[in-house]
Each structure stands twice: as C-alpha cells, then as structure tokens.
Amino acid sequence: MAAAHCLCYEGCNFFRQRIVLATLSGKPVKIRGIRAKEDSPGIRDFEASFIRLIDKITNGSKIEINETGTTLYYQPGLLFGGSVDHDCNPHRGIGYYLESLICLAPFMKSPLKIVLRGVTNDQIDPSVDLLKATAVPLMKRFGIDGEHFEIKIVRRGMPPGGGGEVVFSCPIRKVLRPLQLTEPGKIKRIRGVAFSVRVSPQIANRMVDSARGILNKFIPDIYIYTDHLKGANSGKSPGFGLSLVAETTDGCFLSAELASSPQGQGPPVLPEDLGTNCAKLLLEEIYRGGCVDSVNQSLVLLFMTLGQQDVSKVLLGPLSPYTIEFLRHLRSFFQIMFKIETRTYDEEQKGGEKIQLTCVGVGFSNLSKTIK
C-alpha cells in the first residue's frame, strides 16, 4: 500500500504536524496504532474532520483508513486552494483547523478563501482572536501580505453548541523572505478583546476591570475592547473570555487568553478571576519572552525552513514540548536542522533564558504559482 519512501509513525500525538508537513514536502505518511489500546480505538471525529478539510484544499490526495481507524495512510496531492466551506467538529475550536491552514495557505495554486464554522473560542485550542492578533503580523514578516489577507470573525461560537463563523483569506507567494528576528524590544502597549455571548454584557466589563488591575502596574498604555454579540451572531451556547496581546517597540507580539468553561461542564468561572488569571498568564508570557510567543513558535520555524536558501534567525523563549517535536519532524520531512544557542542578558533585562535558532532555508518554491 505505502511507497518505499513513506514516513511511518506510531500513535495519535502530533497528528496535524505530520499531515501538514507531509502535504508541504510531498512525502506520504503512515500512522499506525492510533489509540490502539483505548476502549474506543482509532481516529476521533475532529481528526476525521481535519482530514476532510485537507482533502478539500488539495487535489489528488490519497487517504486510506483501516476498518478500526487505527491506521492512516496519507499520500498528499497538490495544494489547490480557491473558495472552500468547512464545518469544523464542535469538539475542537476553529483554531485547531486554522493553525494548519495558516501554514499551508501561502503555497496553494490559487489564493485561499475559506469559511470555517464551529467553536471560535474554547479552553483547548488557540482562539481566532489570538491567531488574528499574532500569526498575521508574523506572516507579514515573511512577505505574506496583500489586500485580501485577513481573519474575520463573522459570528462567535462557544462550546458545546458552537455556531461561530470565521472567514480566512490568504494570498499566495512563490517564495518566502528570510527572517532576522533577534531583538524583541520592550513592551510598549497591551491590547485585548473581552467577549461575551448569550450572557450579560456587564461580564466583559468585569473581566476588563480585573485584568487592568494587574496590568496597570506594568504599563499605562492598555486598551481592551469589549465585544458583546447578540442574536444569531452570538452562536448557540453562552460563554465569555479574554484575549490579551502585548506589542513591543520592535513589532513583536506576545499573547495569552482564557475562556469560560463550556455550559454544563467543569466548574463555573467568575469573570473577575478569569480577567486576573489571563493578565498573569500574559505577564508570564512576557517573562518567557523572545520575539515570538509560545503559540506561534512552530509557525515561525516552519516558514524559516521553507524560506529562500539564506540564513534566518529567531529569538524564542523556552521551547514548548509541541515545538520540540516539531523540530524533529522538520528534520524528518525536510532534512533540516537548526543551530540552537542560548542567549543570556544583563541583570537589567529580567526574564527567562532565551534561545536563538538559526537555519538556512530549503529554498521551497510554490510550484503551483505561475510566474508573471
């Protein structure tokens, strides 16, 4: 069934990483033993939904799943793009799907415009607000920019009902610019969104007040926008949450977010506690530091790998376990290894230990894009 050069993996961990990198590299993958020892083995509904999404944006992909769902074979086709609609599985947020689309969109045959429906904010995946505030400016550093480049929240949806809708439009690029991003700068302002759906609008103000109570001690330039949606635009379930982004003098973005527990699940959360905890999470992210926040570490490393055959450098805070595994996968799929150095600072610049990663891009070229 599988070709000789097929990469084989075991288990369900890092499922999206493997599918995305297989699609970009053109190398088939075989994943065995997916939850083989669990009571209900095989791929979950949200993973099947992700595979269907990949099938929609590619042309000629071959996907085979055995009867128990414990073995998946994926032979990638060409990234196609165009206008796509997809109903995301409500067990995962739209961010689960959007993170992977952001990695793939610049390399399609035609610009991608996709409508995603489901849960916009939950406690598991990065929210659409966070990706809009941090991933988009990061992509612009690699030369991915244009008139039709946006992440737009049409409707919000909280778990378990969902009902949110997001439009993601992305231009295509033949090659990516190399990146030199080693000076994070100092925090100059904090922006955020406090949202509430199907609950009192006052809840958003309570989150803002408690978050400002912490952050005002750190910096005066803070603006947290309150977003209260009504009717059809508020999805099918009640909930609230807060997303915060700190911007530095050098144009780097560090983020943190929290959302309320889904209706009928988990302990209830007070808006004041959520606001306070989210502010503390942001300060922790600032302490970790670097030029890219934890959520986007793998994105910056992927685009550095795919860049022109030139040196790219980035300064990051401590690497997340997800990023460490992503570096291993980059070596498997693209035979690329990063030079990793620790950077220490004077006593004046407090914060965690920083890591500088350097690589020479593989010179990845979007073969689908016609040269004008």
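Is Tyr322 buried, exposed or partly exposed? In this predicted model, its relative accessibility comes to 30%, so Tyr322 counts as partly exposed. That side chain is a handy place to start, since it turns up again both among the ring pairs and in a cavity wall.

Let's take the rings first. The count of aromatic pairs comes to 11. One of these pairs is Tyr9 with Phe333: the ring centres are 6.2 Å apart and the planes sit at 25°, which is under the 30 degrees cut-off, so the pair is stacked. Tyr9 belongs to strand β1, residues 7-10, while Phe333 belongs to helix α8, so this contact ties together parts of the chain that are 324 residues apart in sequence. Tyr9 and Phe333 are both buried.

Now back to Tyr322, whose ring partner is Phe14. Here the centres are 6.1 Å apart and the planes make an angle of 50°, so this pair is tilted. Phe14 lies in the loop between β1 and α1, and Tyr322 is in helix α8, so the pair joins parts that are 308 residues apart in sequence. Phe14 has a relative accessible area of 25%, so it is partly exposed, and Tyr322 is partly exposed too.

Elsewhere, ring pairs link Phe15, Phe46, Phe50, Tyr96 and Tyr97 into a cluster. Phe46 has a charged neighbour as well: Arg92 lies over the face of the Phe46 ring, at 5.0 Å from its centre.

Next, the enclosed spaces. Searching the whole structure turns up three cavities of 30 Å³ or more. The largest holds about 180 Å³ of space. It is lined by 15 residues, and the ones closest to its centre are Glu99, Ser100, Cys103, Ser298 and our friend Tyr322. Helices α1 (15-25), α3 (94-104), α4 (128-141), α7 (297-306) and α8 (321-334) are the elements that give two or more residues to this lining. Of these, α3 gives the most, with four residues. Sorted by class, the lining has nine nonpolar, four polar and two charged residues.

The second largest cavity has about 90 Å³ of space. Among the residues that line it are Thr134, Pro137, Leu138 and Arg141, along with Leu181, Phe253 and Asp293. Helix α4 gives the most to this lining, with four residues. By class, the wall divides into seven nonpolar, three polar and two charged residues.

Helix α4 also leads us to an open site, the second largest pocket, where α4, β9 (150-155), β12 (187-197), β13 (222-229) and β14 (239-248) each supply at least two lining residues. This pocket has about 360 Å³ of space. Of its 17 lining residues, Asp129, Lys132, Ala133, Val193 and Tyr225 lie nearest the centre. The largest share comes from β12, with four residues. The lining has eight nonpolar, two polar and seven charged residues.

One annotation helps to place part of this chain. An unreviewed UniProt entry lists residues 182-286 as "domain: RNA 3'-terminal phosphate cyclase insert". Over that stretch the chain is 29% helix and 34% strand, and the C-alpha atoms at the two ends are 15 Å apart.

Note on methods
Residues are numbered from 1 along each chain as its sequence is written. This is a predicted model: local features need pLDDT of at least 70, side-chain atom pairs count only at pLDDT 80 or more; totals for chains, interfaces and linings use all residues. Side-chain values use heavy atoms; hydrogens and water are left out. On a 1 Å grid over the protein atoms alone, a cavity is a set of points where a 1.4 Å probe fits but cannot get out, and a pocket is an open set with protein on both sides within 12 Å along at least five of seven lines; lining residues have an atom within 4 Å of a point. Grid points are joined across faces, edges and corners, and a volume is the space filled by probe spheres set on the points. Ala, Val, Leu, Ile, Met, Phe, Trp, Tyr, Cys and Pro count as nonpolar, Asp, Glu, Lys and Arg as charged, and the others, Gly among them, as polar. UniProt positions are given in the numbering used here, feature names are shortened, and annotations may be inferred rather than shown by experiment. Rings of Phe, Tyr and Trp (its six-membered ring) pair if their centres lie within 6.5 Å; planes under 30 degrees apart count as stacked, over 60 as edge-to-face and the rest as tilted. Buried means under 20% relative accessible area, exposed over 50%, partly exposed in between (1.4 Å probe, protein chains only). A charge sits over a ring if NZ of Lys or CZ of Arg is within 6 Å of the ring centre and within 35 degrees of the ring normal.
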